[in-house]
Amino acid sequence: MSGEQPISTVDIICDLRQFQTDVDNIGTMQEIWQQLGDQIPGHQLLPGQPLTMHLQKGNLLLWVVDAHGLKQVEPDTPFRIIDLLRSPKLLYRCRVCDEYGPLRCTECEKAGRETRLCSAHAHTIKNELKAYCVEHIPRCECRSSCNEKATFRCRRCHKLYGDHVHRYHPHDNNVDYCQLCYRILFERCSHPDCRNLGRSKCAFQTREMKDPCGKPLCAEHSYQWKIWGAHNRGVTLCEHHKNSLRCTDPADLLFMMLIAKAPFVHRGKLHSLPNPFRLRRIINRNRMSGLSFDQISYAINSMGNQVSNWGRRAEGNYRFLSKTFNETTRGLSNTEETLLAQVKAIYQNASGWDAAQQITGLEITDRFFKPGQQPRYRVNLYLVSNANKGLLIGRGGSAIKQVSQSLNIEIDLRINP
Ligand SMILES: [Zn+2]
Ligand SMILES: [Zn+2]
Ligand SMILES: [Zn+2]
Ligand SMILES: [Zn+2]
Ligand SMILES: [Zn+2]
Ligand SMILES: [Zn+2]
């Protein structure tokens with residue numbers, strides 16, 4: 001055989017997947033090829049086995065597709081690159097780890113920024129398609145302002161919450177509720193033998209208790225502490241706590257009034273707390289020894305520096321309560337002393353010394369206003385004993401009527417406390 005044999009090319013696929021430079025034009029490829037220099041000659045050409053070239057920027061693998069009969073690379077062996085293998089170019093990289101980031105932070109997007117995240121570094125809410133970056137993770141909306149990350153949305157109230165208040169639907173793990181809604185929807189009345197739903201919860205709470213009693217109660221087994229008047233709903237209580245009001249620290253009763261959510265009077269306007277006279281009656285109801293205005297005043301004023309811990313509603317209520325209470329009780333004991341002296345003087349004149357001697361004290365229990373008139377007081381008039389009550393009432397009630405009319409007061413006779 002003689003003559004020049006046609007020089008065979010070696011057809012290869014050039015594998016750049018372990019190589020760090022992006023190759024997207026022929027010039028770059030040629031530069032890389034030049035770096036190979038004399039690394040290639042001498043390599044065996046085995047089918048199915050790549051030639052591995054080590055370069056600064058990584059490894060270059062040359063897969064032989066067709067060597068056209070050649071067994072080994074010679075210095076003048078021409079190569080023909082018939083294809084390139086490249087890593088997919090990552091257009092979207094996670095801001096945190098630089099890996100593929102298919103998700104976008106919803107809040108950053110609203111602000112006109114694009115923050116890409118991988119699934120490991122995006123925060124998501126269960127059953128929702130939105131993703132959040134670490135700065136925009138929504139917070140739990142529970143009442144304790146826990147500031148935990150929100151992880152689910154309540155099916156009933158539609159607010160976002162953290163795991164600590166999560167409850168499943170009793171028969172469906174795909175439906176999530178916050179603890180509060182769960183209890184409203186599914187809890188049974190805590191009264192023994194009652195099978196009704198316990199939608200009302202006992203709201204009894206002292207300043208030391210982190211949460212209210214919370215016993216679930218049906219309408220039949222719940223009680224209302226009527227602090228907003230007889231015709232409005234009150235604060236819901238269980239039987240035990242209804243009975244314990246009379247021996248609860250008055251400051252805790254005040255605390256419950258301050259944090260309670262009032263019913264609406266009419267659209268947009270909430271019922272205000274009781275006036276000082278009514279407030280005092282509510283606190284003293286069934287109490288062994290009733291509190292004076294001064295004692296209640298003291299309790300109210302000593303709460304002043306705690307109120308800011310109890311939320312904005314409590315702060316608003318407290319401002320109202322301390323203002324009305326201090327306005328009303330200022331000078332009240334002077335008025336009581338004056339009235340007592342006047343009552344005694346009238347009895348002395350009308351019914352004699354014996355009658356006047358029966359009176360030991362006077363206490364204002366209520367005050368009524370009519371426009372353009374002096375306030376009318378209701379008073380307890382305290383007596384030494386029951387025995388001589390008749391002296392003060394007078395024949396057919398004439399004596400007490402005279403005193404009431406001349407002083408513009410209503411009198412309740414009481415035995416000395
Ligand atoms: Zn990531
Ligand atoms: Zn964000
Ligand atoms: Zn929370
Ligand atoms: Zn809820
Ligand atoms: Zn019940
Ligand atoms: Zn209770």
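# Asking why about this chain

Tutor: Let's start with Ala203: beyond its neighbours within four places in sequence, Ala203 is in contact with Pro212, Val235, Thr236, Leu237 and Ala260. Keep in mind that this is a predicted model.

Student: What makes two residues count as "in contact"?

Tutor: Their C-beta atoms, placed from the backbone, have to lie within 7 Å. Ala203 and Pro212 are listed as a contact, so their C-beta atoms meet that limit.

Student: And where in the chain is Ala203?

Tutor: Look in the loop between strand 13 (200-201) and strand 14 (216-217).

Student: Why is Ala203 called buried?

Tutor: Count its C-beta neighbours: Ala203 has 21 inside 10 Å. The label needs 20 or more, so Ala203 counts as buried.

Student: How many ångströms separate the C-alpha atoms of Ala203 and Arg280?

Tutor: They are 20 Å apart in space, and 77 residues apart along the chain.

Student: Now helix 7. Which of its residues are buried?

Tutor: In helix 7 (residues 293-302), those are Phe293, Ile296 and Ile300.

Student: How do you know that they sit on the same side of helix 7?

Tutor: Check the arc: they cover only 65° around the axis, so they are on the same side of helix 7. The face turned away from that buried side carries Asp294, Asn301 and Ser302, which are exposed. Exposed takes 12 or fewer C-beta neighbours within 10 Å, so each of those residues has a count in that range.

Student: What covers the buried residues of helix 7?

Tutor: The cover includes helix 5 (250-259), helix 6 (276-284), helix 8 (312-329) and helix 9.

Student: Helix 9 again... what does helix 9 pack on?

Tutor: A sheet! First the sheet: it is open, with 3 strands in the order 19-20-21 and mixed pairing. Strand 19 (359-368) and strand 21 (409-415) each have a single partner strand, so they stand at the edges and one side of each is left without a neighbour in the sheet. From one strand to the next, the twist averages 25°. Helix 9 (residues 332-351) packs on this sheet, touching strand 19, strand 20 and strand 21, and its direction makes about 120° with that of strand 19.

Student: Why is the pairing called mixed?

Tutor: Take the pairs in turn. Strand 19 and strand 20 (residues 376-383) run antiparallel, joined by 8 bridges. Strand 20 and strand 21 pair in the parallel sense over 7 bridges. Two strands pair if there are at least two bridges between them, so both pairs qualify. With an antiparallel pair and a parallel pair, the sheet is described as mixed.

Student: Which residues face each other there?

Tutor: Asp366 stands opposite Arg378 in strand 20, and Ile359 has Leu383 in strand 20 as its bridge partner. Over on the parallel side, Tyr382 stands opposite Arg414 in strand 21.

Student: Zooming out, how do you know that the chain isn't a compact globule?

Tutor: Set the values side by side: a compact globule of 417 residues would have a radius of gyration near 22 Å, but the chain has 44 Å. The C-alpha atoms fill a box of roughly 160 × 50 × 35 Å along the principal axes. Buried residues make up 21% of the chain.

Student: What domains is the chain divided into?

Tutor: There's domain 1 (10-85), domain 2 (103-185), domain 3 (200-329) and domain 4 (333-415). The centres of domain 3 and domain 4 are 32 Å apart.

Methods. Residues are numbered from 1 along each chain as its sequence is written. Chains are lettered from A and ligands numbered from 1 in the order in which they are written. This is a predicted model: local features need pLDDT of at least 70, side-chain atom pairs count only at pLDDT 80 or more; totals for chains, interfaces and linings use all residues. Helices (H or I, at least four residues) and strands (E, at least two) are DSSP runs, numbered from the N terminus. Axes are lines fitted to C-alpha atoms, for helices over the stretch in contact, and angles run from 0 to 180 degrees between N-to-C directions. Domain bounds come from an automatic or database domain assignment. The arc is that of the directions from the helix axis to the C-beta atoms. The radius of gyration is taken over C-alpha atoms; the globule rule is 2.2 Å times the number of residues to the power 0.38.
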